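User: I should like to work through this structure by asking questions in turn. Please explain the reasoning behind each reply.

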Amino acid sequence: MADVLVLVEQFGGQVKKATAELMTAARRLGSPVAVWIGPGCDDGALATLGEFGASEVLVADAPQYTDHSVAPIADVLAALVAQRSPAAVLVASSATGKEAAGRLAIKTNSGIITDAVDIAADGTATQSVFGGSTIVHSRVTQGTPIITVRVNSIAPEPQATTPSRSTIDVPVGESSTKARVTERTEATKGGRPELAEAAVVVSGGRGVGSADGFGVIEQLADSLGAAVGASRAATDAGWYPHTHQVGQTGKTVSPQLYIANGISGAIQHRAGMQTSKTIVVVNKDPEAPIFELADFGVVGDLFEVVPQLTEEIKKRAGA
Amino acid sequence: MKVAVCVKQVPDTWAEKRLRAEDSLLDRESADGVMNELDEYAVEQALQIVEAAGGEVVVVSMGPERAAETVRKALSMGADSGIHVVDDALRGSDAIATATALAAALKGRDFDLIVFGSESTDARMSVVPAMVAEILGIAQLTFAQKVLVDGSAVTIERVTDYGFDTVTASTPAVISVVEKINEPRYPSFKGIMAAKKKPVETIGLAELSLDPGVVGSRASWSVVADFSARPAKAAGVVVSDAGDGGVKIADFLAEQKFI
Ligand SMILES: Cc1cc2nc3c(=O)[nH]c(=O)nc-3n(C[C@H](O)[C@H](O)[C@H](O)COP(=O)(O)OP(=O)(O)OC[C@H]3O[C@@H](n4cnc5c(N)ncnc54)[C@H](O)[C@@H]3O)c2cc1C
Ligand SMILES: Nc1ncnc2c1ncn2[C@@H]1O[C@H](COP(=O)(O)O)[C@@H](O)[C@H]1O
């Protein structure tokens, strides 16, 4: 069976859910080879990759790979493509994932498909474009198919393996070390599931009114084990960190449940949440365009509706 | 400092976008063309860099005849001159072909910085800037929420999932910007008048020494097999809060097995 290269999404050695999704898709095409770029690939990480069927784990953790932005990832993947002629290269649709995939496409003269929501056994990718209004099936016709996959689109299915681990040692191009990362700054509000991979997202917009107002949003999120999102109006006002912005220029989320509170539903916001499976809306303006997307909506003041909902959820959980 | 800024003409953000049945390409004729929203931030950033460090801003766009309007808009915001890459053979170019043509147009012109938006609202790929950096073999400083230019040293804050990375390089470099970075200026009346007299070079594949085989639909290395409209979602239920809105949502969530 041909190899399928999977670029591992991880942060600080913690394997992200996107990786399990990529591995699940990769197994339809061949034998998944996990490529880990960065520090922290310990036994725990290896075990997690094994749960989802990695046949091998290849690790690049030397400074030449980790101290520069994006470019060395493409160097590593290009070298592996040359060595192994994989059936495909699968990468998560994060900013870095897409950019590395783009550079790899240039290096290997290969076609690229971004933001796939599904991949079939013959390599055909499904994309959901124009705010989810159109479903497209596409295929790469030259070189090694390079496909980036939207997080939360493919249900991870475990398949236990015991992968081998080896260290990658391939040269990094001179131009790939030109951009140097001097510092990494964490600005996310921790303690909740990560926005892009959460099954439930509770978001607040300008209607929340203040940073303090986000307290009611966080309480609802916690009652559901959800991540907190925000519209750009709310992040620009400084009420919530920019890392939580949902939308065209924020994160694209596709959870099972999205609850929008005090958000009008501007096209740029919809671009990041429209493919959520179930959408609930609370807004005091019955004309707000976000209601067009709602499976269930309440026209009302979020400061009355949301706390009542939180209480009700807690009450029912206790019952 | 010689700064290029790459801008794309896209269908109006609010227009309904659709693929054409005959060739699966985006129907660009049926909607008004506007400058890609994020590229307005790129133009603003390029202008600010040159206002601080001196130099010139050259706007570069690849697109059909009418993309000249978008070049003109950047000139009316304050860019000094334009390069419009237009050729029938470029129709249907994918990201790789677009990056190839843009890189050919940028090459050999001694740009210190090449500024992009971080995403086009029609393709939404966010790959063209990285591809151009790869082809030109220069530093990639992308997804910037802040840019600092100090002589030949350029430092940005790159937006990440967890916050941001501080990334630094020497010129020449490719930059892409996110919308948090600045507030794009509106063209003034004076700017609009001045733009009419600014030079725009219109070039095709011959001037770029590019073989038509490497761009356009023929060279696009991925194909659309088929497409369809997503089945319409059943209309949802919207109720007015009569003091029990929260309870009603809880009922709905219970019915859907979320709680
Ligand atoms: C280039 C570009 C990129 C952008 N990217 C993004 C992006 O990624 N994400 C994003 O979100 N936006 C983005 N935007 C901004 C977008 O256009 C909107 O401005 C923004 O989404 C509006 O946020 P909002 O819905 O919270 O605010 P508003 O549009 O002001 O809506 C607030 C809503 O709250 C309701 N409300 C007020 N008080 C209450 C209350 N007490 N109870 C219930 N409801 C209440 C109001 O009825 C209203 O509908 C972008 C814009 C541009 C130009
Ligand atoms: N045809 C084009 N002409 C000029 N610049 C472009 C073109 N296509 C893309 N770009 C630039 O590349 C950025 C990212 O586009 P994309 O990779 O398509 O999302 C845009 O914001 C533009 O700055």
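**Ligands and local features**

Analyst: A backbone N or O atom of B:Val127 lies 3.0 Å from an oxygen atom of ligand 2. Please keep in mind that this is a predicted model.

User: Which residue has a backbone N or O atom that lies 2.8 Å from an oxygen atom of ligand 2?

Analyst: A polar contact is a pair of N or O atoms within 3.5 Å. In chain B, a polar backbone atom of B:Val128 is 3.0 Å from an oxygen atom of ligand 2. The backbone atom at 2.8 Å from a ligand 2 oxygen belongs to B:Ser126.

User: What share of the area that ligand 2 exposes when taken alone does the protein bury?

Analyst: The shell around ligand 2 consists of 20 residues, and B:Cys6, B:Asp39 and B:Met62 are among the closest. Taken alone, ligand 2 exposes 490 Å². Of that area, the protein buries 98%.

User: Which element of chain B gives the most residues to the shell around ligand 2?

Analyst: By class, this shell has eleven nonpolar, six polar and three charged residues. Helix 3 (95–106), strand 6 (113–117) and helix 4 (128–136) of chain B are among the elements that each supply at least two residues. The most, three residues, come from strand 4 of chain B.

User: Where does ligand 1 lie with respect to the chains?

Analyst: Ligand 1 is surrounded by 29 residues, and the closest include A:Arg206, A:Ser231 and A:Thr249. Its location is between chains A and B.

User: Which residue has a side-chain N or O atom 2.5 Å from an oxygen atom of ligand 1?

Analyst: Two contacts of ligand 1 involve the backbone. A backbone N or O atom of A:Gln248 lies 3.1 Å from a ligand 1 oxygen, and a polar backbone atom of A:Lys284 is 3.1 Å from a ligand 1 nitrogen. The side-chain atom at 2.5 Å from an oxygen of ligand 1 belongs to A:Arg206.

User: How much of the area that ligand 1 exposes when taken alone does the protein bury?

Analyst: Taken alone, ligand 1 exposes 1000 Å². The part of this area that the protein buries is 83%.

User: Is the pair of A:Phe214 and A:Tyr240 stacked or edge-to-face?

Analyst: There are three aromatic pairs over all chains. In the pair of A:Phe214 and A:Tyr240, the ring centres are 4.6 Å apart and the planes are at 25 degrees. Planes under 30 degrees apart count as stacked, so the angle settles the class. The pair of A:Phe214 and A:Tyr240 is stacked.

User: Why is helix 1 of chain A described as largely enclosed by the rest of the structure?

Analyst: Helix 1 of chain A covers residues 17–29. Its buried residues include A:Leu22, A:Met23 and A:Leu29. The helix is largely enclosed because the number of its 13 residues that are buried is eleven.

User: Is B:Phe143 buried or exposed?

Analyst: B:Phe143 lies in strand 7 (residues 139–150) of chain B, and its phi is positive, at about 55 degrees, although the residue is not a glycine. Its relative accessible area is 12%. Buried means under 20%, so B:Phe143 is classed as buried.

User: Is B:Lys257 buried or exposed?

Analyst: B:Lys257 lies in the segment after helix 7 (245–255) of chain B. It is a residue other than glycine with a positive phi, near 65 degrees. At 72% relative accessibility, B:Lys257 counts as exposed.

Conventions:
Residues numbered from 1 in each chain as written. Chains lettered and ligands numbered in written order. Predicted model: local features only at pLDDT ≥ 70, side-chain atom pairs only at ≥ 80, totals over all residues. Heavy atoms only, no water. Phe/Tyr/Trp six-rings, centres within 6.5 Å; stacked < 30°, edge-to-face > 60°. Near = heavy atom within 4 Å. Polar contact = N/O pair within 3.5 Å; in protein donor to acceptor, adjacent residues only side chain to side chain. Areas by Shrake-Rupley, 256 points an atom, 1.4 Å probe, with all protein chains shown as cover. Helix = DSSP H or I, 4+ residues; strand = E, 2+ residues; numbered from the N terminus. Nonpolar A, V, L, I, M, F, W, Y, C, P; charged D, E, K, R; others polar. Buried < 20%, exposed > 50% of the residue type's maximum accessible area, 1.4 Å probe, protein only.
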